[in-house]
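This report goes through a protein and DNA model, from the sheet to the surfaces that meet the DNA. The sequence and the structure come first.

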Amino acid sequence: MAKNSGYWLVKSEPGCFSIDDLAALPGQTTMWDGVRNYQARNFLRDSMKEGDRVFFYHSITGVGIAGLCEVVGKPYPDPTQWNPENRHFDPASPADTPRWYAVDIRLVRKFARILPLAELRNLQELAEMELLKRGSRLSVQPVREEEFQAIMAYVGEGMGVR
DNA sequence: GCCAACGTTGGC
DNA sequence: GCCAACGTTGGC
């Protein structure tokens, strides 16, 4: 696992929340909530900081990186954990020591097209990338700086974005 | 829909 | 603490 690098990748099912949904929001900013895995929680809560770059990844359908976001502000207790109406409600989470955290992320740029997982597998620089490992299921995961740069270079050259 | 991989739960 | 059972994730 990469150390905290200031670069991340978050996953979302586009049928649930897509990059276009994010782009349509005021300020193109959303609360990234509902993370209910301790390893992902630790990354989010302990290491995400203002200005960090975040790849927005679409899982299940249209599998690939859809764009780039950035962290806004600091992580904070995820309010959905105390909302009985919410599907991520966790009645066992104590109010004084919240179990789950959220963070705000803002869209920086939607890529001209989704960068498919299959193409990412072709990039030698990404041989060790967490996303490409067998059984990788983390919904919040760190990205190494060299991986970030390789992807952005590929986006720039192959997709005419920057 | 299939299935591999992984996390969580709970009996012991 | 072990481990089987179960539920979920997520690529294909």
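Which residue in β5 does T29 stand opposite? The residue is R106. The model discussed here is predicted.

**The sheet and helix α2**

T29 and R106 face each other within the pairing of β2 with β5, which is antiparallel and runs over 4 bridges. That pairing belongs to an open sheet of 6 strands, ordered β2-β5-β4-β3-β1-β6, with mixed pairing. Because β2 and β6 stand at the edges and have a single partner strand each, one side of each is left without a neighbour in the sheet. From one strand to the next, the twist averages 35°. Helix α2 packs on this sheet and touches β1, β2, β4, β5 and β6, its direction making about 110° with that of β5.

Helix α2 spans residues 38-47, and its buried residues are A40, R41, F43, L44 and S47. The cover over these buried residues includes β1 (7-12), β2, β4, β5 (101-116) and β6 (140-142). The N-terminal end of α2 is capped by N37, which places a side-chain oxygen 3.0 Å from the backbone nitrogen of Q39.

**DNA strand B**

N37 also belongs to the set of residues around DNA strand B, together with Y38, R134, G135 and R137. Among the atoms of DNA strand B that come within 4 Å of the protein, sugar and phosphate account for 80%. A base is nevertheless involved in one polar pair: a polar side-chain atom of R137 is 2.9 Å from a base oxygen of DNA strand B. Sorted by class, the surface near DNA strand B comprises 1 nonpolar, 2 polar and 2 charged residues.

**DNA strand C**

Which residues lie around DNA strand C? They are K11, Y57, S59, I60, V63, L117, R121, S136 and R137. R137 is thus listed for DNA strand C as well as for DNA strand B. Sugar or phosphate makes up 70% of the atoms of DNA strand C within 4 Å of the protein, and the rest belong to bases. The surface near DNA strand C has 4 nonpolar, 2 polar and 3 charged residues.

Polar pairs with phosphate oxygens of DNA strand C include those in the table below.

| Residue | Protein atom | Distance to a phosphate oxygen of DNA strand C |
|---|---|---|
| K11 | side-chain N or O | 3.2 Å |
| Y57 | side-chain N or O | 2.6 Å |
| I60 | backbone N or O | 2.9 Å |

K11 and Y57 take part through their side chains, whereas I60 does so through a backbone atom.

**Two residues with positive phi**

I60 has a second notable feature. Its phi is positive, about 70°, although I60 is not a glycine. I60 sits in the loop between β3 (53-58) and β4 (64-77). Is I60 buried or exposed? With a relative accessible area of 63%, I60 is exposed, because exposed residues are those over 50%. That value takes only the protein chains into account, and in the model I60 is among the residues around DNA strand C.

Q28 is likewise not a glycine and has a positive phi, of about 45°. The loop that holds Q28 runs between α1 (19-23) and β2 (29-32). The relative accessibility of Q28 is 30%, so this residue counts as partly exposed.

**Two buried acidic residues**

D90 is located in the loop between β4 and β5. Why does D90 count as buried? Its relative accessibility is 12%, and buried means under 20%. Leaving out residues up to four places away in sequence, D90 touches Q81, R99 and W100.

E147 is part of helix α4, which covers residues 145-159. E147 is buried, its relative accessible area being 1%. Apart from neighbours within four places in sequence, the contacts of E147 are E125, L126, E128 and M129. E125 is 22 residues from E147 along the chain, yet their C-alpha atoms are separated by 6.2 Å. At M129, the side chain of E147 reaches the backbone nitrogen at 3.4 Å.

Notes: Residues numbered from 1 in each chain as written. Chains lettered and ligands numbered in written order. Heavy atoms only, no water. Buried < 20%, exposed > 50% of the residue type's maximum accessible area, 1.4 Å probe, protein only. Near = heavy atom within 4 Å. Polar contact = N/O pair within 3.5 Å; in protein donor to acceptor, adjacent residues only side chain to side chain. Nonpolar A, V, L, I, M, F, W, Y, C, P; charged D, E, K, R; others polar. Contact = heavy atoms within 4.5 Å. Pairing = 2+ DSSP bridges. Axes fitted to C-alpha atoms, helices over the stretch in contact; angles between N-to-C directions.
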